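The exercises below are meant to be worked with the sequence and the model side by side. Try each task before reading its solution.

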Amino acid sequence: MDRFVEIGSLTKVVTGTALARMATSGVVGLDDPLERWLPATPRTGITLLHLAQHTSGLPRLPPRISRRDPYAAFDRRAVHQLLSRLDAIAARPPGRQEEYSNLGYAILGEALAAAAGTTYEELVTEYVLRPLDIAEVTANPDPSRRLSATGRFGRPRRPWTMHGAILPAGGLWATPRAAADLVVRLLVERRLGDPAPSWQTAGTLRWHNGATRDASVFAGATDDGRWVLIHRLNGAPEETDQAGVALLKRHRTAS
């Protein structure tokens with residue numbers, strides 16, 4: 001429980017909660033146009049809420065990423081170079097259709113950092129982690145405390161580079177205890193109010209998953225207080241999702 005694991009796109013829940021908290025505090029508005037905080041952006045009609053709800057019209061991935069370490073070169077300079085071309089990069093006008101977008105969350109994180117006048121890690125600490133009394137979440141855990149997948153000869157595999165501009169979309173690490181606390185304190189106890197728009201919904205279930213090259217995670221909770229968190233190394237993401245849903249159904253039947 002004291003080792004850090006990659007939580008992949010569960011990071012989006014942290015980013016979305018920061019957006020909601022900043023909106024409640026009056027720092028930003030959910031319907032703020034993107035160019036308000038990132039002036040290099042043309043007037044696309046994309047708002048912060050569009051980015052959080054995956055309805056911005058932006059594609060899933062940044063252009064020209066590699067396969068070996070997809071986000072290694074996607075730093076802040078790279079994301080700012082894309083801003084002036086967002087109208088050309090977008091596949092459709094905002095608000096019309098949901099399309100899951102890591103690129104959108106990278107840009108959302110950059111906009112929130114600009115609005116807060118600080119770094120992404122500092123703003124999620126201020127608006128999310130500290131109010132939840134959670135400390136074991138970071139972009140750069142000590143290598144000696146990382147729990148990483150092993151390769152063919154039993155050696156730890158080098159994780160993807162996720163601490164650059166892609167961080168708000170999927171780059172955080174957490175101990176399993178901290179990840180579980182996130183789920184319970186955000187979805188069950190509702191310590192920060194209504195769940196952020198980052199969560200996916202299916203009936204009474206709010207959930208989110210995540211996957212990197214070597215890890216997959218599923219987290220969710222139902223309105224009656226049942227919750228689950230599953231993290232697997234070298235596990236197929238689809239199987240992790242299925243296991244999480246099955247556990248929730250099993251506990252519903254048992255109760």
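**Exercise 1: A residue in helix 10**

At 30% relative accessibility, A243 counts as partly exposed, because that value falls between the 20% limit for buried and the 50% limit for exposed. The model used here and in the exercises that follow is a predicted one.

Task: Place A243 in its element, and state how far its C-alpha atom lies from that of V228.

Solution. Begin with the element, which for A243 is helix 10. Then compare chain and space: A243 and V228 are 15 residues apart along the chain, and their C-alpha atoms are separated by 9.7 Å.

**Exercise 2: The two sides of helix 4**

Task: Identify the buried residues of helix 4, decide how they are arranged around the helix axis, and find what they pack against.

Solution. Step one is to list the buried residues of helix 4, which spans residues 76-83; they are A78, V79, L82 and L83. Step two is to look down the axis of helix 4, where these buried residues fall within an arc of 150° and therefore line one face of the helix. The general background is that an α-helix has 3.6 residues a turn, so residues three or four places apart point the same way. Step three is to turn to the face directed away from the buried side, where the exposed residues R76 and R77 are carried. Step four is to follow the buried residues of helix 4 to their partners, which are helix 5 (86-89) and helix 6 (102-116).

**Exercise 3: Three buried loop residues**

Task: For T212, S101 and L10, give the loop in which each is found, and explain why each counts as buried.

Solution. Take T212 to start with, a residue of the loop between strand 5 and strand 6. T212 counts as buried because its relative accessibility is 10%, and the cut-off for that class is under 20%. The side chain of T212 makes a polar contact, at 3.1 Å, with the side chain of E6. When neighbours within four places in sequence are set aside, the contacts of T212 are E6, G8 and W160.

Continue with S101, which sits in the loop between helix 5 and helix 6 and is classed as buried because its relative accessibility is 1%. Its side chain reaches the backbone nitrogen of G104 at 2.8 Å. With neighbours within four places in sequence again left aside, S101 is in contact with K12, H54, L58, P59 and R60.

Finish with L10, located in the loop between strand 1 and helix 1 (11-24) and buried because its relative accessible area is 3%. Beyond its neighbours within four places in sequence, L10 is in contact with several residues, including W199, H208, V217 and L229. L10 and G171 are 161 residues apart in sequence, yet 9.0 Å apart in space from C-alpha to C-alpha.

**Exercise 4: Positive phi outside glycine**

Task: State the phi values of D133 and N234, and locate each residue between its flanking elements.

Solution. For D133, phi is near 60°, a positive value in a residue other than glycine. D133 belongs to the loop between helix 7 (120-132) and strand 2 (137-138), and it counts as exposed because its relative accessibility is 62%. For N234, phi is near 55°, also a positive value in a residue other than glycine. N234 belongs to the loop between strand 7 (227-233) and helix 10 (237-254).

**Exercise 5: Empty space**

Task: Describe the largest pocket and the largest cavity by volume and by the classes of their lining residues.

Solution. Start with the largest pocket, which holds about 360 Å³ of space. Its lining consists of 22 residues, and S9, R60, Y100, N102 and A211 lie nearest its centre. Helix 8 (167-170), strand 5 (205-211), strand 6 (215-222) and helix 10 each give two or more residues to this lining, and strand 5 provides the largest share, with 3 residues. Sorted by class, the pocket lining has 12 nonpolar, 7 polar and 3 charged residues.

Next, a search of the whole structure finds 3 cavities of 30 Å³ or more, and the largest cavity has a volume of about 60 Å³. Among the residues lining the largest cavity are V5, E6, W173, D214 and H231, and strand 1 (5-6) and strand 7 are the elements that give two or more residues to this lining. Sorted by class, the cavity lining has 7 nonpolar, 2 polar and 3 charged residues.

Note on methods: Residues numbered from 1 in each chain as written. Predicted model: local features only at pLDDT ≥ 70, side-chain atom pairs only at ≥ 80, totals over all residues. Heavy atoms only, no water. Helix = DSSP H or I, 4+ residues; strand = E, 2+ residues; numbered from the N terminus. Buried < 20%, exposed > 50% of the residue type's maximum accessible area, 1.4 Å probe, protein only. 1 Å grid on protein atoms, 1.4 Å probe; cavity = no way out; pocket = protein on both sides within 12 Å on 5 of 7 lines; lining within 4 Å. Points joined across faces, edges and corners; volume = space filled by probe spheres on them. Nonpolar A, V, L, I, M, F, W, Y, C, P; charged D, E, K, R; others polar. Arc of directions from axis to C-beta. Contact = heavy atoms within 4.5 Å. Polar contact = N/O pair within 3.5 Å; in protein donor to acceptor, adjacent residues only side chain to side chain.
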